[in-house]
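This report goes through a set of computed features of the structure shown below. It is meant to be read with the coordinates open.

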Amino acid sequence: MANNVILEVERLSIAFGGVHAVNEVSLAVPAGMVFSIIGPNGAGKTTLFNVISGIYVPQLGCVRLAGEEVTGLSPDRLARRGLSRTFQNLQLFSRMTALENVMVGRHRHESTGILSELLHLPSVSRQNRLTRDAALSALARVGLANDAEQPAGSLAYGALKRLEIARALASEPKLLLLDEPAAGCNPVETRGLEEVIRSIVAEGVTVVLVEHDMRLVMNVSDRIHVLASGRSLAEGTAAEIQSNLAVMEAYLGVDHSRERARAVG
Amino acid sequence: MIVRLPVRYRLAPVAVVAALVVVLPQFFPSAYYYRVGALVFILALAAVGLNLLMGFAGQVSLGHAGFVGIGAYAVAVGPTHLGLPPWLSIVAGAVLSVCVAGAVGRPILRLKGHYLAVATLGFGLLIAIVLTNESAWTGGPDGMSVSRLTLFGWRVSGSVTWYWVAAATLLIGMVLAFNLIDSPTGRALRAIHDSDVAARVLGVDVAYKKLAIFVVSAVYASVAGSYLALFNGHVTPDIAGFLRSVELVAMVVLGGMGSIVGSFVGAAVLVVLPQTFTALHDYEHVALGLAIMAFMIFVRQGIVPAVVRWRTT
């Protein structure tokens, strides 16, 4: 594979009690683009994310990050290799403030030992300051600078979605997996999200996006991969996917897609 | 709910406790109160350590009296059988606790919730059984006497002396705990408590962090155990018993999970209440049980967090 492929998934399969959640899926994500994975509910998108980020270990197939095989590595080791993600069902630290949530995102860049932390040596104060500054700027990027001291549990849903992105960004990932960032967001928030995604990519971070909001997907994606029932169905640019009959069938059912195809054609 | 203060006020709660420690003896009518005070400080030290594990990292331990027992028997066995000076025996007990916590923690901290509770319970029982059965070393169920602590020629004995020594150690323990909370590891531990999976995908080595805090909390318990044995001048396997473990957990929960000062308050309540209830004779334990139930029903989040919330709203 070419050097500019940051994430490569090869014939990946995982089954839960006989149900093939992901079945021989292969895909290659070139660095520096927005790569979207779409598909009907139950297509295996989130499962695929969970395998890529190390939460599940696949039964078959492999995952390569920046050319190196990382199949089965634990999530924290993957994080230290520059992979970060958000969750479809929010996974925030609800008893911590927004700022502290994002500060945890800096963990892989922190290097103080537990003894120096118990004694609060100057190196710990310095580390805390660095972490805090980096976290504040990550919060500012998603427009949450004014909510830094709010407990995460008290923020509105849309803000929580952005907080998760800020937390993931704070880890300075090379590859960022966003799992349905627009779910539950209003149109204004979704447009804001689009800006955030563009700014992330502009900095050279590769974004893999799982999303149901088709307007967002079509607007930001450089490439789209379609999953249905755990299998790869199609891959292409937004225009190619929009005119793909198989994709329409998967989403709308056979009859509707024929009608639509007739109407379009 | 964890109360966050600006960094420069981080140690303000410790200053409050320090002031209390200094002022309280003015109101002590007799030396007996110094004894109660020393007991509160010693148990509070173990509770603060356990709170780091339970209140911050969210990992329960029903076996922490095991480490209290290791520390206690270190200062009994060390001078008697090995010829170590008592102060060095405290250190040796702490080192042994680190080793035991490291070895035991690695497999059992993989467990969560009730399973972890039962596994730690088993560990605590194991230590108590070893202390009871190895009678050649430990004196069996009757226990053994503990020689006095001497520091640089200064003989540490009597309730008044122990009051100050235990208070100083508790304050140091609290400062270290506050330091740890306000650090990368402290944030990682609190993150693990709220979402294990999110902490992992952010690069937190969850297993290692849990083990690290388990070891730290074992050292707190071990030092407290050593002090308890030296203070009493005698030690029996009861010191490592299940009731002691439950008592420590109750102190943490009663005072407030995740509140360092709360662990001190919880220890104070659970040491002082039984003393005040002695007037009730046969109904002493009934009253104590009812009091604890009432606390849990009406201030479930713990005494100190409840007070803080009431003051800020």
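The sections below cover confidence, the two sheets of chain A, the contact between the chains, the nonpolar core and some single residues.

## Model and confidence

The structure is a predicted model. Its scores are ipTM 0.89 and pTM 0.91.

In chain B the mean pLDDT is 91, and 97% of the residues score at least 70. Within this chain, α10(B) has the highest confidence, at 97, while strand β3 of chain B (residues 154–156) has the lowest, at a mean of 79. One residue of that low-scoring strand is B:R155. B:R155 counts as exposed because it has 10 C-beta neighbours inside 10 Å. Apart from its neighbours within four places in sequence, B:R155 is in contact with B:R148 and B:T150.

## The six-stranded sheet of chain A

Chain A contains an open sheet of six strands in the order β6-β7-β8-β3-β9-β10, with mixed pairing. The edges are β6 (83–85) and β10 (231–236) of chain A; each has a single partner strand, so one side of each has no neighbour in the sheet. On average, neighbouring strands of this sheet are turned by 20° against each other, direction ignored.

At the β10 edge, strand β9 (residues 223–228) of chain A is joined to β10(A) by five bridges, and the two run antiparallel. One pairing in this stretch is between A:L227 and its bridge partner A:S232 in β10(A). Helix α1 of chain A (residues 45–52) lies across several of the strands, namely β3 (34–38), β6, β7 (175–179), β8 (206–210) and β9 of chain A. The helix runs at about 150° to β7(A).

## The four-stranded sheet of chain A

A further open sheet in chain A has four strands in the order β2-β1-β4-β5, and its pairing is antiparallel. Here β2 (19–30) and β5 (68–69) of chain A are the edge strands; each has a single partner, so one side of each is left without a neighbour in the sheet. In general, strands of a sheet pair through backbone hydrogen bonds, either parallel or antiparallel.

Strand β1 (residues 5–16) and strand β4 (residues 60–65) of chain A run antiparallel and are joined by five bridges. Across this pair, A:S13 stands opposite A:L60 in β4(A), and A:E8 stands opposite A:R64 in β4(A). On the way to the β5 edge, β4(A) and β5(A) pair in the antiparallel sense over two bridges. A:L65 has A:E68 in β5(A) as its bridge partner. These two strands form a hairpin with two residues between them, and A:A66 in the turn has a positive phi of about 50°.

## Contact between the chains

How many residues of chain B are in contact with chain A? There are 27, and they meet 34 residues of chain A. On the chain B side, α7 (159–181), α8 (184–194), α9 (196–201) and α10 (206–232) each supply at least two residues. The most comes from α8(B), with seven residues. By type, the chain B residues that touch chain A divide into 15 nonpolar, five polar and seven charged.

## The nonpolar core

The largest nonpolar core has 176 residues. The residues with the most contacts inside this core are B:I42, B:L43 and B:A224. Leaving out residues up to four places away in sequence, B:A224 touches B:I42, B:L43, B:L45, B:A46, B:V68 and B:G71. In soluble globular proteins, nonpolar side chains tend to be buried together.

## Positive phi in chain A

Most residues other than glycine have a negative phi. A:R11 has a positive phi of about 40° although it is not a glycine. This residue lies in strand β1 of chain A, the strand that is bridged to β4(A). A:R11 counts as exposed because it has 12 C-beta neighbours inside 10 Å, and a residue is exposed if 12 or fewer other C-beta atoms lie within that distance.

A:H120, also a residue other than glycine, has a positive phi near 50°. Is A:H120 buried or exposed? With 20 C-beta neighbours inside 10 Å, A:H120 counts as buried. A:H120 is placed in the loop between α4 (114–118) and α5 (122–141) of chain A.

How values were computed: Residues are numbered from 1 along each chain as its sequence is written. Chains are lettered from A and ligands numbered from 1 in the order in which they are written. This is a predicted model: local features need pLDDT of at least 70, side-chain atom pairs count only at pLDDT 80 or more; totals for chains, interfaces and linings use all residues. Two residues are in contact if their C-beta atoms, placed from the backbone, lie within 7 Å. Ala, Val, Leu, Ile, Met, Phe, Trp, Tyr, Cys and Pro count as nonpolar, Asp, Glu, Lys and Arg as charged, and the others, Gly among them, as polar. Two strands pair if DSSP finds at least two bridges between them. Axes are lines fitted to C-alpha atoms, for helices over the stretch in contact, and angles run from 0 to 180 degrees between N-to-C directions. A nonpolar core is a set of buried Ala, Val, Leu, Ile, Met, Phe, Trp, Tyr and Cys residues joined through C-beta atoms within 7 Å. pLDDT is the predictor's confidence in each residue, from 0 to 100.
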